[in-house]
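Trainee: Please take me closely through one enclosed space in this model and what surrounds it, and then go on to the neighbouring elements that help to place it in the fold.

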Amino acid sequence: MRSTLVRRTVLTASAVSLALLATACGSDKADDKKTDAKPSAAASSAAAPSAKGKTDTELAAVIVAQADLPDHQFKPATPAEAAAGASATSDKPQCVPLVKAQAMGAVGTSTGTARTKVVAKPKEQAASQSPEDKLKGLMDALGSTATAVTLASYDGKGAEEAFASLKTAGTACAGGYTASGEGQAGKVTKVGAGAPVTAGDEALAYTVEGDAEGEKFTTQLVVVRKGNTLATFSALSLSGAAEQPKAVVDAQAKKLG
């Protein structure tokens with residue numbers, strides 16, 4: 001199991017909690033798509049300059065929740081995870097937006113934030129299953145993709161600017177960077193385009209590859225802007241290769257309107 005990877009990597013500040021969430025799901029009861037093309041984005045729909053950003057309370061009411069995805073399990077983000085996201089940084093200034101997005105931190109100056117963590121529930125195992133099948137089911141649950149979801153709202157054109165900085169960072173940081181925070185560091189070796197996403201006013205997706213103590217891993221990052229709210233989805237897996245969290249992205253996009 002890639003416990004070292006999860007313990008050491010700061011690409012997602014909540015990696016340990018997400019891993020524990022995946023484990024809890026297992027006890028409760030895809031191939032990565034890569035392309036050399038640039039991340040796709042829907043046509044930009046400018047937010048009015050006078051738009052007022054939402055507060056923490058307002059965002060808490062629209063972040064994806066259990067009722068939106070009954071077949072997933074949710075766990076609230078902790079204050080420590082929020083603090084870790086706020087302090088996350090990079091050796092390359094142009095890559096800081098990517099690090100923030102993956103660490104549940106707000107990109108730029110937001111008026112409010114909301115965070116949660118989610119993982120799909122594993123399929124229930126039949127009582128008649130063999131011990132080998134039950135063990136395989138548990139291992140599959142441990143390898144499930146867990147996703148950190150962060151909503152951030154902005155005054156004026158802040159959300160557009162934050163989205164633009166993430167789009168620029170995807171190109172500027174394609175060759176890799178070091179992410180750091182809370183006394184730990186993780187090495188990203190490549191940022192490439194993820195499977196295209198169509199949601200909100202504009203969206204982009206990245207596949208982020210890295211190396212931690214010789215262990216290679218792949219995470220998925222999706223960013224969706226709707227009006228003056230930015231939603232980021234950072235997905236990881238103990239298996240080392242995360243799938244794009246399409247169901248979570250679709251549910252959140254629908255809730256944002």
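Mentor: A cavity here is a set of grid points where a 1.4 Å probe fits but cannot get out, and its volume is the space filled by probe spheres set on those points. The model is predicted, and in it the second largest cavity holds about 40 Å³ of space. Its lining is made up of G105, A106, V107, T150, L151, A152, Y154, L230 and T232. Two strands, β4 (145–153) and β9 (229–237), each contribute at least two residues to that lining, and β4 gives the largest share, with three residues. In chemical terms, the lining residues of this cavity comprise six nonpolar and three polar ones, with no charged residue among them.

Strand β9 also leads on to helix α7, since β9 is one of the elements against which the buried residues of α7 pack, the others being α5 (96–102), β6 (184–193), β7 (202–212) and β8 (215–226). Helix α7 runs over residues 158–172, and its 15 residues span 21 Å from the first C-alpha to the last, close to the 21 Å expected at 1.5 Å a residue. The residues of α7 that count as buried are G158, A159, E160, A162, F163, L166, A169 and G170. In reading such a list it helps to recall that an α-helix has 3.6 residues a turn, so residues three or four places apart point the same way.

The one disulfide found in a search of the whole structure joins C95 and C173, whose sulfur atoms lie 2.0 Å apart. This pair ties together distant parts of the chain, with C95 in the loop between β2 (89–90) and α5, and C173 in the loop between α7 and β5 (177–181), 78 residues apart. The torsion about the S-S bond of C95 and C173 is about -110°, and the disulfide is therefore left-handed. Because its relative accessibility is 0%, C95 counts as buried, and C173, also at 0%, counts as buried on that ground, the cut-off being under 20% relative accessible area.

Strand β8, another of the packing partners of α7, contains Q220. With a relative accessible area of 3%, Q220 is buried, and its C-alpha lies 9.9 Å from that of G192, a residue 28 positions away in sequence.

Technical notes:
Residues numbered from 1 in each chain as written. Predicted model: local features only at pLDDT ≥ 70, side-chain atom pairs only at ≥ 80, totals over all residues. Heavy atoms only, no water. 1 Å grid on protein atoms, 1.4 Å probe; cavity = no way out; pocket = protein on both sides within 12 Å on 5 of 7 lines; lining within 4 Å. Helix = DSSP H or I, 4+ residues; strand = E, 2+ residues; numbered from the N terminus. Nonpolar A, V, L, I, M, F, W, Y, C, P; charged D, E, K, R; others polar. Expected span 1.5 Å × (residues − 1). Buried < 20%, exposed > 50% of the residue type's maximum accessible area, 1.4 Å probe, protein only. Contact = heavy atoms within 4.5 Å. Disulfide = S-S within 2.5 Å.
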